[in-house]
Amino acid sequence: MLACVKSFALEGLSGYAVSVEVDIGSGLPSVETVGLASTATKESKERVRAAIRNSGYPYPSGRITVNLAPADTKKEGASLDLPIAVGLLVCAEAVAGNLYKDYVMIGELALDGSLRSVNGVMPLLISAMQQGEKKFIVPAANAKEASYIEGIEVQAFATLHETVDFLSGGAHEPVPVTGYRSRGGTSAYGVDMSDVKGQTAAKRAIEIAVAGGHNILMCGVPGAGKTMLAKCIPTIMPDMSFEEAVEVTKIHSVAGVLDPAVGIVEARPFRTPHHTTTVPALVGGGAKARPGEVSLAHHGVLFLDEMPEYNRRTLETLRQPLEDKKVTVARVMRSVEYPADFMLVASMNPCTCGNYGSRTQVCRCSAAQIHSYMSKLSGPLLDRIDLRIEVDGVEYAELRGEGGGETSAVVKERVEKARAIQRERYRDSATATNAAMTAKELEKYCALDADGERLLAKAFDKMGLTARGATRILKVARTIADLAGSESVLPAHVAEAIRYRGIERKYI
């Protein structure tokens, strides 16, 4: 007897249809899985056998062939356990009727017959919906994630027995659609801008960076508050829209880091990989071409603490995603593209001991040691960082004084006003923020008067700027103008933008 059950498998963030064909013929009892199945997929025969028996159904005897079509595409993981088990039970006539033909089934089976969650349910369901599928069966643990997708019917079950009972005509309520609620600010991250004592200049630079989507590097002595400032950055970023949340959730779901109890990413990501991280861990890759930290930080922040401590080869891989806002992971048999539109935030000490340039501490490093430490960051990578600021130590009076200045909510309000100006300005293009302006948009929206041109030209010659460096200054100046509510980019805005690249003459 032959049965065909619909399912879907993932390739990157996109799903493709898989037809699980199960045939039971005469001959000695055996199970053969064909269709370019991975080791984990081939092992499903043992999980399925135990799950069927422990669910109270007789395991069919005979020569069993399981074909996973299309046969020329690699099938990864254990998400095809459920459709294989249902196909076997259809052949054994344990499933009454043809209701199973209407549903796309996804799920991993435990030996006791319970259904375990699988990674990537949201991108799987969205891809299937785009290909015309409307009805799905998923594990109960994935119900929350599936509930955010409108226009489909999702049935969630905890066991194989419940699934078979439903497919045989049993009543069961579909998963209700859940409304999305974005979270941001202090409640989502546990810190607030007012917690940072002093550092008025650094806070101003961070506000500009967030308002325009610019990358920022903080250089200063240990204990000055660089890490705390970085952790406050997500608290002043605009809340994610539902569309952004779905994009981020798809990546986190595929990577297996999504909280199943929530089912969707409600707050902007803040990723802080350790300095020993590898190239595949940072930009994606590995045997299964999984997303890396740059993709997990999509629509959020990638924070590299003590940037020179990272492997230089690892850091250089950031150059392409910083420009293209995406990462392509190429392997022999597959090529997967992941989005990587993140805000890079980095911190570093100015030397090995950390005290070079400090007002209160004495540096013990030689000139050669300082140069060696700073040269760990290449010029092309630094050129892609729009704001580079100095963060010096805090005076005792500032540290022990009451109040830390403006709260994140107050700063966030100004940021959102600047972002609203940018949305209106770029409403007819794919550009979202000033940092992503094209050459034509730069020429149109960053026109300077004679004084502004002279100021930029002088900085270009004196600071030895590259064409990219001058462009970045103009983009930052445009953001400063937006925060000030100015339609034109004035010389004062250009001067402030130039000042945020000044530390390269002192340190770099």
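This briefing covers the salt bridges and one helix packing contact of the structure above. The model is predicted. In total, 23 salt bridges are counted. Three of these pairs are described below, R204 with E496, E337 with K326 and R501 with D383, followed by the packing of helix α8 with helix α18.

**The R204–E496 salt bridge**

- R204 and E496 form a salt bridge in which the closest N and O atoms lie 2.9 Å apart.
- R204 belongs to helix α8 (residues 200-212) and E496 to helix α22 (residues 491-499), so this pair ties together parts that are 292 residues apart in sequence.
- The two partners fall into separate accessibility classes: R204 is partly exposed, at a relative accessible area of 27%, whereas E496 is buried, at 12%.

**The E337–K326 salt bridge**

- A salt bridge joins the side chains of E337 and K326, with an N to O distance of 3.7 Å.
- This pair links strand β14 (residues 335-339), which holds E337, to strand β13 (residues 326-330), which holds K326; the two residues are 11 apart in the chain.
- E337 is partly exposed, with 47% relative accessibility.
- K326 is likewise partly exposed, with a relative accessible area of 34%.

**The R501–D383 salt bridge and its network**

- R501 pairs with D383 in a salt bridge whose closest N and O atoms are 3.2 Å apart.
- R501 sits in the loop between α22 and α23 (503-506), while D383 is in helix α16 (residues 379-383), and the pair links parts of the chain 118 residues apart.
- Both R501 and D383 are buried.
- The two residues also belong to one network, joined through salt bridges that share partners, whose members are E323, D383, R384, D386, R388, R468, R472 and R501.

**Packing of helices α8 and α18**

- Helix α8, which also carries R204, packs against helix α18 (residues 408-425) at an angle of about 35°, and the axes are 8 Å apart.
- The crossing of α8 past α18 is right-handed.
- On the α8 side the contact is made by E207, V210, A211 and G212.
- On the α18 side the contact residues are V411, R414, V415, A418, R419 and Q422.
- Sorted by class, this contact of α8 with α18 comprises 5 nonpolar, 2 polar and 3 charged residues.

Conventions:
Residues are numbered from 1 along each chain as its sequence is written. This is a predicted model: local features need pLDDT of at least 70, side-chain atom pairs count only at pLDDT 80 or more; totals for chains, interfaces and linings use all residues. Side-chain values use heavy atoms; hydrogens and water are left out. A salt bridge is a side-chain nitrogen of Lys or Arg within 4 Å of a carboxyl oxygen of Asp or Glu. Helices (H or I, at least four residues) and strands (E, at least two) are DSSP runs, numbered from the N terminus. Buried means under 20% relative accessible area, exposed over 50%, partly exposed in between (1.4 Å probe, protein chains only). Axes are lines fitted to C-alpha atoms, for helices over the stretch in contact, and angles run from 0 to 180 degrees between N-to-C directions. A crossing is left-handed if the near helix is turned anticlockwise from the far one by less than a right angle, and right-handed if clockwise. Contact means heavy atoms within 4.5 Å. Ala, Val, Leu, Ile, Met, Phe, Trp, Tyr, Cys and Pro count as nonpolar, Asp, Glu, Lys and Arg as charged, and the others, Gly among them, as polar.
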